[in-house]
Amino acid sequence: MSFTSIPILDLAQASDPATKPQFLAELRHALMEVGFLYLKNVGIPDELFQQVIREGKAFFDIPEEEKLKIEMKNAPSFLGYSRLSAEITAGEIDHREQIDLSTDHPLPGPSAPLYDNLLAPNQWPSPAVLPNFRPIFTEYMKRMGDISISFTSLIAEAIDLPADAFNKYFDGPGFGGRQDQNQQHKLKIVKYPDVATLGKGKGNQGVGPHKDSMLSSYLLQASHHKGLQVQNMKGEWIDCPPIDGTLVVAIGQGLEALTQGVCVSTTHRVLSPEAGQGARYSIPFFQGVSGDAEFEDLETVGVGQVKEEIKELRRKVLERNGGRLDDVEFTFRKGGVAKTLGEATLRNRVKSHQDVGEIWYKDILESVRAEQAALAGKKSPVEGAVPVVSEGKAVEAH
């Protein structure tokens, strides 16, 4: 039977040898049958969570001119502030306002690949208006980066892979990627206005149906609103409401590809709050992967073969449910324009934030629009127009 709720796992159980086997069994169930889970007792003090929520909400109350000083289109990194309704998912406008942050990196050198533009310093709001914002989110991203790497090792154990199976795809000393820099992870702070604020005819798409792109993401739901929905194997939308003291973990397409389909990346969406409910706030953290990782390696070498008995468990899940209905196609495949994850990520960012592409990546934007027009069965759109396409894609949103 397809899932009708999202399972809740207690990360503290993974630290106790007496309870770890039960935790891994519950994790395996969530990975194979749901692709989403709540995670509690993650090791972050509640006070830090509350500071993150307070500072995140406060960002949207600072003067508009302060936000525009750090607008995303000011830099080629796709870090910074995005105005309401500035992003596109599944060919439709997402009605949200947000700021994108990442673990800080220096500007890339002149010989670096183009996708290294994504590795850059943050555009932080001025300490004159938000004096605690930068230190709080710097600490939170550092802690979440450590948690995400540790949790990925538990995912490996849950499907009977070596605990370090995914380490080859992370940057940083002791991992398999670049040794001279730490892994970049990303975070968004998002405000979804209610439909009355949006006005008539705007619809209720906070974020359209999509799958996350890489390995795993960790959502802090920062207000009481429902809105996040997950699609089960029958194609039904299941609510994923806020639960105090938890993060919502989503499995990405990269993890599904690397595990040969054993770990499922599940389609999800966000609906704008109903009129009179006020804004929904959301703070998703996205675990990073080395941009140098090549699709050829990911799909031919990867983390090695998952054991046949583990694959059989996933096949039985599909059989019990009569297959899988899904609004969004699995798009993590080699053979496209991009040869590396960095190239693919940059291309997806241009696709989502075409105002940034217009300034910094005109050639990529032209290629993206031509590709979208071909998929839509139309000629290339007029320069400056935003094409409407029907396909879903991997994005970073909750």
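Accessible areas here come from the Shrake-Rupley method with a 1.4 Å probe, and this is the basis on which the surface of the predicted model is described in the first view.

**View 1. The whole chain of the predicted model, with its surface and secondary structure.** The chain exposes about 16700 Å², of which carbon and sulfur atoms supply 53%. Its secondary structure comes to eleven helices and 15 strands, and of its 398 residues 56% count as buried. Among contacts with a separation of 6 or more, 76% are accounted for by residues 24 or more positions apart.

**View 2. The largest nonpolar core and the part that helix H4 plays in it.** This core has 73 residues, and the members that touch the most other members are Phe23, Leu27, Tyr140, Phe151 and Phe166. Helix H4, residues 133–158, contributes 13 residues, the largest share of this core. Another core lies apart from it, with 16 residues that include Ile6, Tyr192, Leu219 and Val230. In soluble globular proteins, nonpolar side chains tend to be buried together.

**View 3. The surroundings of Phe166.** When neighbours within four places in sequence are left aside, Phe166 is in contact with Thr152, Ile155, Ala156 and Leu161, and also with Leu255, Leu258, Thr259 and Val303.

**View 4. Helix H8, residues 308–320, with its buried side and the face turned away from that side.** The 13 residues of H8 should span 18 Å at 1.5 Å a residue, and the end C-alpha atoms are indeed 18 Å apart, so the two values agree. The buried residues of H8 are Ile310, Lys311, Arg314 and Val317; because they cover an arc of only 110° around the axis, they lie on the same side of H8. Helix H1 (20–33) is included in what covers these buried residues, whereas the face turned away from the buried side carries the exposed residues Glu309 and Glu319. After H8 comes Gly322, whose phi is positive, near 65°.

**View 5. Helix H11, residues 362–375, and the helices that help to cover it.** H11 has 14 residues and reaches 20 Å from its first C-alpha to its last, close to the 20 Å expected at 1.5 Å a residue. Its buried residues are Ile364, Leu365, Val368, Arg369, Gln372 and Ala373, and their cover includes helix H9 (341–352) together with helix H10 (354–360). H11 is followed by Gly377, which has a positive phi, near 75°.

Terms used. Residues are numbered from 1 along each chain as its sequence is written. This is a predicted model: local features need pLDDT of at least 70, side-chain atom pairs count only at pLDDT 80 or more; totals for chains, interfaces and linings use all residues. Side-chain values use heavy atoms; hydrogens and water are left out. Helices (H or I, at least four residues) and strands (E, at least two) are DSSP runs, numbered from the N terminus. The expected span of a helix is 1.5 Å times one less than its number of residues. Buried means under 20% relative accessible area, exposed over 50%, partly exposed in between (1.4 Å probe, protein chains only). Contact means heavy atoms within 4.5 Å. The arc is that of the directions from the helix axis to the C-beta atoms. A nonpolar core is a set of buried Ala, Val, Leu, Ile, Met, Phe, Trp, Tyr and Cys residues joined through side-chain atoms within 4.5 Å.
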